[in-house]
Number of protein chains: 2
Amino acid sequence: MLVQAARQLLHEQGFGRTTLADVAERSGVPLGNVYYYFKTKEAIAEAVICAREAELRGLFAAWTSKHRDPRARLRCLVRAPLETADEVVSFGCPYGSLCHELEKLGPKSPLAASSSRLLGLYIEFAEQQLRAAGVRTREATGLATELIAALQGTALLAHTIRSRALLASQLRRVERWLESELPPTSLS
Amino acid sequence: MLVQAARQLLHEQGFGRTTLADVAERSGVPLGNVYYYFKTKEAIAEAVICAREAELRGLFAAWTSKHRDPRARLRCLVRAPLETADEVVSFGCPYGSLCHELEKLGPKSPLAASSSRLLGLYIEFAEQQLRAAGVRTREATGLATELIAALQGTALLAHTIRSRALLASQLRRVERWLESELPPTSLS
DNA sequence: GTCTATAAATTGATAGAC
DNA sequence: GTCTATCAATTTATAGAC
């Protein structure tokens, strides 16, 4: 699938360094075909962002249905980068690196706005689970932002240093920190 | 100065989207001149990285000479993004965004290796100050990494959301967290 | 819908006058 | 050392046969 190939390539090489010829080649179709399905290169990026958004919503839904306890859902969130550790170490967080690059297109670029929604979704999910775990509404926004910032920073460092060990150990630190920030469990 | 212009442009637009014509124009010199001073575009990027490294070392030296107390130095580190809040909100952390983009050139790229040194320096400085503040050697590395990750993640989110308020409030949170992680001051 | 060929624009890099 | 003109390669995008 065209979008699937583009999704991988944008993660591996970034938007700027990925040519439409790359996308065509990895999809196994000739270059001309790409333009039959997508008017411009930006349109492909937009489709990739949508795919990433669907991917995120899928993860959130899976964690939500798997665990009733919001703390367990938050643990899934923190540990998620370990599930794809190789990719994160080699290419960074797919959502964060997309934002990082597309934001450089300027505040007026539609791609920048679309990609920032990805991190927004991330924060929103964390905030919901924090509130469900008993964090006060006022505090939940700040804490959720702090959590996502910690995860994004961890991914950037693990990627830059290219160390899976760093990713694992720092995610454990984030997990311990988060537990210390949550209100004590009500032992009903 | 050529490098100065390139330094700004790489921060504002990134390496990939900055053309040598851009650099020439902002420097006020014709395009041909750029190639008299730098053999290739990569050579300019290398010079920019060196300039950023010197900039970092200068900041560290200033904080070190200004404060004897390592805690005060760490406060400077955490609050530093506020000094250039507009730039951080508009374009992200100059060091982090450079790493983010140049790492996509692949692990074998000399530019990727050079840029990763920037974050390495950052961690190293934090680690030194943490040890001086009484954090055990074993713990200092992990804590320093966690601190820099928090700062980098904060810069990314503040940039993506384009919110100076988010930058300020989240840096305050990082500062409070850091204080809670440091051993109690010895009231000598 | 699929594919080849090619146009049009951008941009890294060079040649050569001054 | 400085500047203009231009080459060569890449890449987005289109035209048109099948």
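This is a short tour of how chain A and chain B meet in a predicted model.

**Stop 1: both chains**

Colour chain A and chain B differently. Two copies of a chain are related by a rotation about an axis and a shift along it. Here, a turn of 180 degrees with a shift of 0.0 Å along the axis lays chain A on chain B, and the RMSD is 0.0 Å. That is the relation of a two-fold axis. To find the axis, select Gly153(A). Its C-alpha is the one in chain A nearest the axis, at 2.0 Å. The two copies use the same surface: 100% of the contact residues of chain A recur in chain B.

**Stop 2: the interface**

Now show the residues where the chains touch. You should have 39 residues of chain A in contact with 40 residues of chain B. Together the chains bury about 3300 Å² between them. Of that area, 60% lies on carbon and sulfur atoms. Next, select His100(A), Lys104(A) and Arg173(A). In chain A, these lose the most area to chain B, together 22% of what that side buries.

**Stop 3: a salt bridge**

How many salt bridges are counted between chain A and chain B? The count is 6. Zoom in on one of them: select Arg173(B) and Glu146(A). Their closest N and O atoms are 2.7 Å apart. Then widen the view to polar contacts. Across the interface, 17 residue pairs make one, with both residues at pLDDT 80 or more.

**Stop 4: the helices of chain A**

Switch to cartoon view and stay on the side of chain A that touches chain B. Five elements each supply at least two residues to that side: H1 (2-13), H7 (94-102), H8 (110-132), H9 (137-161) and H10 (164-181). Which helix gives the largest share? Select H9(A), which supplies 15 residues. Now colour this side by class. There are 15 nonpolar, 16 polar and 8 charged residues.

**Stop 5: Glu12(B)**

Cross to chain B and select Glu12(B), in helix H1 (residues 2-13). Is Glu12(B) buried or partly exposed? Its relative accessible area is 24%, so Glu12(B) is partly exposed, as buried means under 20%. Show what it touches, leaving out residues up to four places away in sequence: Lys104(A), Arg26(B) and Phe91(B). The side chains of Glu12(B) and Arg26(B) make a polar contact at 3.1 Å. Finally, select Ala132(B). Glu12(B) and Ala132(B) lie 120 residues apart in sequence and 36 Å apart in space, C-alpha to C-alpha.

Conventions
Residues numbered from 1 in each chain as written. Chains lettered and ligands numbered in written order. Predicted model: local features only at pLDDT ≥ 70, side-chain atom pairs only at ≥ 80, totals over all residues. Heavy atoms only, no water. Contact = heavy atoms within 4.5 Å. Buried area = accessible area lost by both parts, 1.4 Å probe. Salt bridge = Lys/Arg side-chain N within 4 Å of Asp/Glu carboxyl O. Polar contact = N/O pair within 3.5 Å; in protein donor to acceptor, adjacent residues only side chain to side chain. Helix = DSSP H or I, 4+ residues; strand = E, 2+ residues; numbered from the N terminus. Nonpolar A, V, L, I, M, F, W, Y, C, P; charged D, E, K, R; others polar. Buried < 20%, exposed > 50% of the residue type's maximum accessible area, 1.4 Å probe, protein only. Least-squares fit on C-alpha atoms with pLDDT ≥ 70 in both.
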